[in-house]
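Visitor: I am new to this structure and would like a close look at a single part of it. Could you take me to one sheet and then on to the contact that it belongs to?

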Amino acid sequence: MTKRTIIPFGPQHPVLPEPVHLELAVEDGKVVEAIPSVGFIHRGLEKLVEKKDFFDFVFVAERICGICSFIHGMTYCMVIEEIMKLEVPDRAQYLRLVWSELSRLHSHLLWLGLMADAFGFESLFMHCWRLREKILDIIEETTGGRVIFGSCKVGGVRKDISADTLDRIVKVLHEYEREIKEITDVFIADGSVKHRMSGVGVLSKEDAYHLGAVGPTARGSGVDFDMRKLRYGAYKNISFAPVLETAGDCYSRCHVRIRELFQSIDLIDQAARKIPAGPLEIKVSGFPEGEFFARTEQPRGEVIYYAKANGTKFLQRLRVRTPTFANIPALVKILQGCDVADVPVLILTIDPCISCTER
Amino acid sequence: MSLFSMSWVVLKSLFKVPATVRYPFAQKHYYENTRGKIMFEVNTCIFCGLCQRKCPAGAIMVERKDKKWELDRFKCIICGACVEACPKKCIHMEHTHTKPAVTKEKEKHIHA
Amino acid sequence: MIEEQKSIGVTPAELVEKVQVLFNDGWRLVQIGCTRLENGLELNYSFDKHYQFFNLKVAVALSNPEVPSISPVYWSAFIYENETQDLFGIKFPGLVLDYKGSFYKTSVKNPFNSCSEQINIKDIKKDLAL
């Protein structure tokens, strides 16, 4: 009769970017079951809507997470604008698209670095983060902050990007593609990296769909699902197709994110060519009344914001469901049957952003 | 299957200029748009209190009868909401950040 | 308007049946959320299929906050139901993986069920012996 050991993984662990706890039931060096436990950084941010004006809450919504910060702020603004039936000007929509794609670039480069760190490849980790610095410099030049953009508000955007700056950014990004390709080729072709990621953590297409997996976790298993196909904002004028891979293992999820890097540079290029001149915001007056669900695509998957307003300056309820929260059942499924040494790689492959998960 | 594909990149970076900034001997390059510390001109202020209401972190305290304006720099998140809200435009944002300090003190300004 | 969002109201008794029909038809569970209204709670179950969005709303009375769990049908519902159990105090008989109230370790039980003024900071500090 094989003995079953329970190994507690986390909340403090060198490979985890944020605290999450897993109880791993291990038999003969293989994980049989995993029970996740979250709640270490629950800040109760959804309850703050009772105290902060709906117009000023965008500052709190941006700070739910440090990595996916802009899209949180943008989705909050979208949900209020839909409830109040505001038409955001076209120029503001295009600027929001440019910043969303820059946010996706920096998030995927951050993840690539953490993934390399998970299997001990320190030099690759440092080079990925060196590449990310250039993107952060572009973001700081256009919005004022490296990580928390602070450029979205209900009704439009707070800052403008001039046409020269936009052209220069597109040129810099295209020249930078060669350097990014040099580093991502290591992920795709290197033998030692493939050995750690191929065939590990396989998630079949049916499982990915029924367990509610979202984002690159689902697209790596062949589920054709990307919220940008809803054509919200300026995405209705941009040609775009979701990136899909079919193998369902860690290697294909990594490949999806690498291909999305190059796709984001292409989307910024398309937006820069089509952006019209015009006002940056629309005046907001009155209070919201009604309810709406807004769905957008964060780097990690589909985020959904539900707001219910009753005609006063405080919202009655704000509910945020982030993509990592939806990916946790998929994580529990892929951990069953893996080696103990593969656990850090598998946790990082769903791109956990626990501060989003627990708000 | 290729091995050691990273060696070429690592070797190249030995001979390149370092990508890091040698702080504190070299300073970081700040952009025109960078959100930095808040500067305040007390003699233009009318003590309306709009900045106090708009501040998401509660870092500003305004007292109309004493003509006192107080800022807690450690609470400030440099979002710029007060800069946009001020009707007399007496709050400005610089491009550099607040230097580290040894004690936590609130900055007081009193109208002359 | 970005997309059409339909929603229908259901009673707790007919919930599992309706959810089983949606599962067999290939709908994906998006989220389960809860709102505190003046005279009760309202659960909303959101489903998605090929970018179409659909909601089921269940009204729950405060005196008997019990709704049958849909986790036997959609296994991934267990995290949403545990979160609702911890924050609002609704019980879900039939949960496949029940954390029994320790999913989010908050110092005040069911914090979202009451408004902020009712939670007394002095009581919390006394409990934590601060």
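Guide: Here is a walk from one sheet of chain A to the interface with chain C.

A word first on how to read it: this is a predicted model, in which local features need pLDDT of at least 70, side-chain atom pairs count only at pLDDT 80 or more, and totals for chains, interfaces and linings use all residues. Residues are numbered from 1 along each chain as its sequence is written, chains are lettered from A and ligands numbered from 1 in the order in which they are written, and side-chain values use heavy atoms, leaving out hydrogens and water.

Let us start with the open sheet of 3 strands in chain A, ordered β6-β7-β8 with antiparallel pairing. Strands (E, at least two residues) and helices (H or I, at least four) are DSSP runs numbered from the N terminus, and two strands pair if DSSP finds at least two bridges between them. In chain A, β6 (289–298) and β8 (315–321) are the edge strands, each with a single partner, so one side of each has no neighbour in the sheet. On average, neighbouring strands here are turned by 10° against each other, direction ignored; axes are lines fitted to C-alpha atoms, for helices over the stretch in contact, and angles run from 0 to 180 degrees between N-to-C directions.

Look now at β6(A) and its antiparallel partner β7 (residues 301–310) of chain A, which are joined by 10 bridges. In this pair, A:A294 stands opposite A:Y305 of β7(A). Lying across β6, β7 and β8 of chain A is helix α2 (residues 69–83) of chain A, which runs at about 150° to β6(A); contact means heavy atoms within 4.5 Å.

From here we can move on to chain C. The contact takes 45 residues from chain A and 48 residues from chain C. Together the two chains bury about 3,900 Å², 58% of it on carbon and sulfur atoms; buried area is the accessible area (1.4 Å probe) that two parts lose on being put together, summed over both. A:K47, A:Y209 and A:F293 supply 16% of the area that chain A buries against chain C, more than any other three residues.

The rule finds 4 salt bridges across this interface, each a side-chain nitrogen of Lys or Arg within 4 Å of a carboxyl oxygen of Asp or Glu. A:R319 forms a salt bridge with C:E83, with the closest N and O atoms 3.4 Å apart. Among the elements that give two or more residues to chain A's side are α2, β6, β7 and β8 of chain A, while α10(A) gives the most, with 5 residues.
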